[in-house]
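Me: I should like to learn how to read the features of a protein model. May we go through them one at a time, with the general idea before the case?

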Amino acid sequence: MSPLDAVHGVARELDEAGVPSPRVDAELLVAEVLGVSRSELYASDRALADGELARLQELVGRRRAREPLAYVLGEWGFRQLVLNVDGRALVPRPETEVVVERCLHHLRGLPAPRVLDVGTGSGAIALALADEHPGARVVAVDRSAAALALARENLARTGMAARVELRRGDLLDGLRGPFDLVVSNPPYVLPSEYDSLQPEIRLYEPFEAVVGDRVWERVARAARDALAPGGYLVLECGDGQAGDVAEGLAALGYEGVLCTPDLAGRDRVVEGQRP
Ligand SMILES: C[S@@+](CC[C@H](N)C(=O)[O-])C[C@H]1O[C@@H](n2cnc3c(N)ncnc32)[C@H](O)[C@@H]1O
């Protein structure tokens with residue numbers, strides 16, 4: 001079977017299973033078993049070997065069962081990094097890249113900023129910040145031991161152990177700072193919304209990484225004491241929550257509160273400055 005025939009067949013199977021982007025997923029799965037990039041896929045007309053076909057069927061079966069593509073592939077790009085991803089932590093999302101962008105905006109000009117990432121999951125935000133700001137020292141916290149184990153793998157993979165410290169803990173408990181920046185992508189799907197989520201999230205991503213009610217407010221309250229004067233808090237929030245989060249930050253005394261849209265134009269990042 002040629003790569004093109006394989007892509008057609010897999011795309012049809014994924015479409016039948018209700019996968020939202022069957023063609024792109026098919027291309028990435030076929031590219032994975034051939035060991036080429038998506039753009040190199042069509043340059044090769046080498047037929048898939050039996051072993052490759054068997055592996056493809058295994059991966060397609062998992063994706064048909066609506067396992068997130070990132071988990072099926074086992075790694076995923078985030079900013080300039082490629083990270084290990086699996087069911088121990090949330091798949092890093094494109095909107096979270098905007099969170100990193102806002103953080104870097106505030107860190108520019110600081111030679112050795114101290115940063116705290118609350119709810120680090122795979123380590124995506126913490127590692128991207130350390131990667132893109134060579135002077136940054138980052139503490140990254142999560143209360144999930146499984147997520148931290150994955151973050152530890154990513155810390156080793158990216159070679160930034162000297163500047164990123166991973167800690168198990170509940171929000172900011174025991175962390176004094178002062179930090180120049182506190183960032184968090186806390187769980188923010190309301191319990192009442194959970195049943196309406198797509199199967200990729202409901203069946204595979206950790207519940208405690210997804211569902212939370214006003215966790216941002218607890219982070220924002222604790223961050224007031226942990227931030228240095230003039231330091232920034234940057235939060236990701238759910239679609240439709242930015243207005244509420246922005247009001248909450250202002251009520252807690254944060255200044256210059258600002259919302260930033262994601263690539264789809266929806267406000268998903270809210271930030272404020274400690275006076
Ligand atoms: C939405 S995920 C974000 C993961 C990662 N930062 C990202 O952006 O891809 C939220 C993370 O917060 C962690 N978490 C939830 N409640 C927490 C708490 N009370 N204290 C520390 N971490 C918590 C979860 O285990 C999960 O890894």
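Reply: Let us begin with a term for helix pairs: angles under 35 degrees count as roughly parallel, over 145 as roughly antiparallel, 65 to 115 as roughly perpendicular and the rest as oblique. Axes are lines fitted to C-alpha atoms, for helices over the stretch in contact, and angles run from 0 to 180 degrees between N-to-C directions. Helices (H or I, at least four residues) and strands (E, at least two) are DSSP runs, numbered from the N terminus. This is a predicted model, in which local features need pLDDT of at least 70 and side-chain atom pairs count only at pLDDT 80 or more, while totals for chains, interfaces and linings use all residues. Residues are numbered from 1 along each chain as its sequence is written, and side-chain values use heavy atoms, with hydrogens and water left out.

Me: At what angle do the axes of helix 5 and helix 6 cross?

Reply: Two packed helices are described by the angle between their axes and the distance between the axes. The axes of helix 5 and helix 6 (residues 124-132) cross at roughly 40° and come within 10 Å. Helix 5 and helix 6 are therefore oblique to each other. The crossing of helix 5 past helix 6 is right-handed (left-handed if the near helix is turned anticlockwise from the far one by less than a right angle, right-handed if clockwise). In contact terms (heavy atoms within 4.5 Å), Thr96, Val99, Val100, Cys103, Leu104 and Leu107 of helix 5 meet Ile125, Ala128, Leu129 and Glu132 of helix 6.

Me: How many residues of helix 6 are buried?

Reply: Buried means under 20% relative accessible area, exposed over 50%, and partly exposed in between (1.4 Å probe, protein chains only). In helix 6, 7 of the 9 residues are buried, so helix 6 is largely enclosed by the rest of the structure. The buried residues are Ala124, Ile125, Ala126, Leu127, Ala128, Leu129 and Ala130.

Me: Is threonine 120 buried or exposed?

Reply: Threonine 120 is buried, with a relative accessible area of 6%. Its place is in the loop between strand 3 and helix 6. Not counting residues up to four places away in sequence, threonine 120 touches Ala126, Ala140, Val141, Asp142, Leu148, Ala151 and Leu166.

Me: Where is valine 36 placed?

Reply: Valine 36 is found in the loop between helix 2 and helix 3 (50-64). Valine 36 is partly exposed, its relative accessible area being 25%. Leaving out residues up to four places away in sequence, valine 36 touches Ala31 and Leu41.

Me: How do the side chains along strand 2 point?

Reply: In a regular strand the side chains alternate between the two faces of the sheet. In strand 2 (residues 81-84), Leu81 and Leu83 point to one face and are buried, whereas Val82 and Asn84 point to the other and are not buried. Strand 2 is joined to strand 1 (residues 75-78) by 4 bridges, and the two run antiparallel; strands pair if DSSP finds at least two bridges between them. Glycine 77 has valine 82 in strand 2 as its bridge partner. Strand 1 and strand 2 form a hairpin with 2 residues between them, and arginine 79 in the turn has a positive phi of about 55°.

Me: What is the order of the strands in the open sheet?

Reply: Strands of a sheet pair through backbone hydrogen bonds, either parallel or antiparallel. The open sheet of 7 strands has the order 5-4-3-6-7-9-8, with mixed pairing. Strand 5 (164-168) and strand 8 stand at the edges, each with a single partner strand, so one side of each is left without a neighbour in the sheet. The twist averages 15° from one strand to the next. Strand 7 and strand 9 run antiparallel and are joined by 5 bridges; glutamate 236 has valine 269 in strand 9 as its bridge partner.

Me: Which residues of helix 11 are buried?

Reply: In helix 11 (residues 242-251), Ala242, Val245, Ala246, Gly248 and Leu249 are buried. They cover an arc of only 160° around the axis, which puts them on the same side of helix 11; the arc is that of the directions from the helix axis to the C-beta atoms. On the other side of helix 11, Glu247 and Ala251 are exposed. The buried residues of helix 11 pack against helix 10 (215-226), strand 7 (227-236), strand 8 (255-261) and strand 9 (267-273).
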